[in-house]
Amino acid sequence: MSTGKSSPNGLINQDKISIQSIMAKKIISILVLIALHQFSFAQAEFTTSKGTIVKQDRAVPFAESITAEDMRAILTVLASDEYEGRETGTEGQRKAADYIADKFKTFGLPRIGAKNSYFQEMIYTGESWSQIKMKVGEEAYRHLWDFYSFPTRNSDRPTTKIEEVLFLGYGIDDPKYSDYEGKEVDGKTILIYAGEPKDKEGNYFISGSEKASSWSSNWRKKLETAKEKGVALVLIIDPNIQKNIKENRRFLLSSSMRIGAGEQPEDNFANNIYISSTVAKEIVGGKFKKVVKARDRIAKKGKLKSVNIPTDIEVVQDKKIRQLIGSNVLGYIEGSDPRMKDEVIVVTAHYDHLGKRGQSIYNGADDNGSGTATVLEVAEALVKAQKAGAGPRRSVLVMLVSGEEKGLLGSQYYAENPIFPLENTVANINVDMVGRVDKKYAKNPNYIYVIGSDRLSTELHEINETANKTYTNLVLDYTYNDDNDPNRYYYRSDHYNFAKKGIPAIFYFNGTHEDYHRSTDTVEKINFEKMEKIGKLVFYTTWELANRDKRIVVDVEGRN
């Protein structure tokens with residue numbers, strides 16, 4: 001039997017054991033933290049063709065926090081029917097912006113936006129067709145099949161009868177070649193070909209070589225020239241009409257927008273309609289042979305003989321104009337190095353999509369819910385590093401932008417109204433569609449198209465290559481980075497607004513697929529394992545840019 005004294009002694013002994021146990025656990029925790037801290041700052045050297053760069057292996061445990069499971073959870077919300085396709089200026093887009101901001105709040109990031117928020121707000125003027133019609137004789141033609149016209153490139157035009165059209169070659173007015181010379185076009189409708197003419201040897205008149213001039217690549221020049229000359233309407237024969245309609249669906253299906261308030265559209269262009277060869281033949285009618293002869297004569301003599309064409313055309317271009325508010329969502333991870341934290345790496349993805357068309361919801365899981373989820377995961381990994389005392393030396397701005405589907409408007413607004421000076425912006429990393437697999441890689445999903453990495457900085461290209469070889473081992477495909485890429489993807493996502501300002505930029509892209517800009521772009525078709533690998537590559541590239549001793553330099557000219 002125990003005595004009265006033994007019980008207290010037993011309690012005292014238990015207390016000592018408990019205290020010793022707690023102290024032991026604390027010591028172990030401290031040792032783990034010290035080990036982690038030491039590991040976090042361990043470094044390994046990797047040699048590139050440009051010399052030796054330092055790759056910090058301390059990044060590994062934080063990169064491992066980027067998971068397919070977390071990406072699925074984020075994307076399941078963003079691409080749900082509740083968000084109604086996230087079209088800029090709609091309630092669905094505002095819900096998506098709030099969801100992203102709540103993520104940044106959960107991460108513990110500071111509010112650096114307007115009015116102590118996570119938002120950079122902007123006003124858009126939205127322009128769409130209320131009514132768009134074209135009729136030749138008794139034949140009514142279909143918009144987005146037989147012809148197409150961009151709301152932002154046109155002014156309101158009530159029902160107009162056109163009884164005469166002037167064939168004016170290619171609609172060019174250049175010192176080396178002019179279709180306008182000696183022609184009276186004020187108030188007239190002109191019919192022109194897309195592109196520009198060649199001589200008998202197959203060289204373009206303006207460039208004097210096999211390479212076309214800006215009269216082919218810059219659509220503005222012809223429309224601005226026509227406006228200056230007083231032309232009322234330009235009809236442009238488009239030999240690739242179905243291809244161009246497909247590639248411009250985002251501008252033709254949804255309301256096109258421009259930055260800024262105002263009641264009137266941009267007024268720099270003559271009204272214009274792109275038409276098929278079939279519509280053109282119907283307009284030309286009995287003058288077809290004369291028009292073909294006039295076109296062929298250009299190659300022989302370098303001069304146009306215009307053709308007056310009597311016709312019966314009815315055109316309606318009735319616009320709807322409205323003002324909308326969009327917002328970029330800003331997540332700021334401040335750099336840890338006092339000497340470097342004023343330099344910023346900007347990581348972007350657009351979170352908007354096409355919204356609703358009737359009862360159909362364009363969920364935009366790949367475009368660009370996948371990029372948004374990836375960038376949010378990268379942001380969280382950087383925050384985890386920061387909280388562990390191993391945060392990036394330079395600052396990182398993770399920015400989810402709106403208005404991309406309306407013409408890269410959110411990133412354009414930031415580039416024109418930056419939160420941090422552009423001269424302090426080291427690079428832009430842009431993620432736009434990384435959740436699907438295209439036909440080329442149907443049997444190998446472990447790939448990514450890389451665009452723009454070497455256009456301004458060879459160092460940026462080397463950093464991405466080394467990160468991939470060291471950690472992710474994806475196939476890096478540069479097909480769409482070619483200067484002659486007919487898809488011109490380099491100019492079609494948000495990174496381009498940074499590149500235009502001379503800031504090195506890299507764009508990650510999975511290519512298009514059968515669900516691109518369709519209501520069938522849904523979550524169940526996403527390859528989250530592929531997304532995880534790409535997310536880690538984005539993280540490692542960001543990490544190197546943020547931690548290397550010397551800022552990367554612009555050492556390539558003439559490719560932005």
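These are my notebook entries on a few helices and strands that I looked up in a predicted model.

**Entry 1, the whole chain.** I began with the overall counts and noted 15 helices and 21 strands in the protein. Of the 560 residues, 53% are buried. I then looked at contacts between residues at least 6 apart in sequence, and found that 82% of them join residues at least 24 apart.

**Entry 2, strand S9.** I next asked how many residues of strand S9, which runs over residues 189-193, are buried. Five of the five are, so S9 is largely enclosed by the rest of the structure. In a regular strand the side chains alternate between the two faces of the sheet. Going through S9 with that in mind, I noted Thr189, Leu191 and Tyr193 pointing one way and Ile190 and Ile192 the other way, with all of them buried.

**Entry 3, the partners of S9.** I then followed the pairing of S9 and found strand S6 (residues 157-167) paired with it in the parallel sense over three bridges, while strand S10 (residues 233-237) pairs with S9, also in the parallel sense, over five bridges. Isoleucine 190 of S9 appears in both pairings: it is the bridge partner of leucine 166, and it stands opposite valine 234 in S10.

**Entry 4, helix H13.** For helix H13, residues 458-472, I checked the length and found that its 15 residues reach 20 Å from the first C-alpha to the last, close to the 21 Å expected at 1.5 Å a residue. I also looked at burial here, and because eleven of the 15 residues are buried, I recorded H13 as largely enclosed by the rest of the structure. The buried residues include Leu460, Ile463 and Ala467, and also the charged side chains Glu462 and Glu465; His461, Asn464, Thr466, Asn468, Tyr471 and Thr472 are buried as well.

**Entry 5, H3 against H15.** Last, I asked at what angle helix H3 (residues 68-78) and helix H15 (residues 528-547) pack. The angle is about 110°, with the axes 8 Å apart, which means that H3 is roughly perpendicular to H15. I listed the residues that make the contact: H3 brings Ala68, Met71, Arg72 and Leu75, and H15 brings Phe528, Glu529, Met531, Glu532 and Gly535. Sorted by character, the residues of this contact divide into five nonpolar, one polar and three charged. As a reminder for reading such lists, an α-helix has 3.6 residues a turn, so residues three or four places apart point the same way.

Terms used. Residues numbered from 1 in each chain as written. Predicted model: local features only at pLDDT ≥ 70, side-chain atom pairs only at ≥ 80, totals over all residues. Heavy atoms only, no water. Axes fitted to C-alpha atoms, helices over the stretch in contact; angles between N-to-C directions. Parallel < 35°, antiparallel > 145°, perpendicular 65-115°, else oblique. Contact = heavy atoms within 4.5 Å. Buried < 20%, exposed > 50% of the residue type's maximum accessible area, 1.4 Å probe, protein only. Pairing = 2+ DSSP bridges. Expected span 1.5 Å × (residues − 1).
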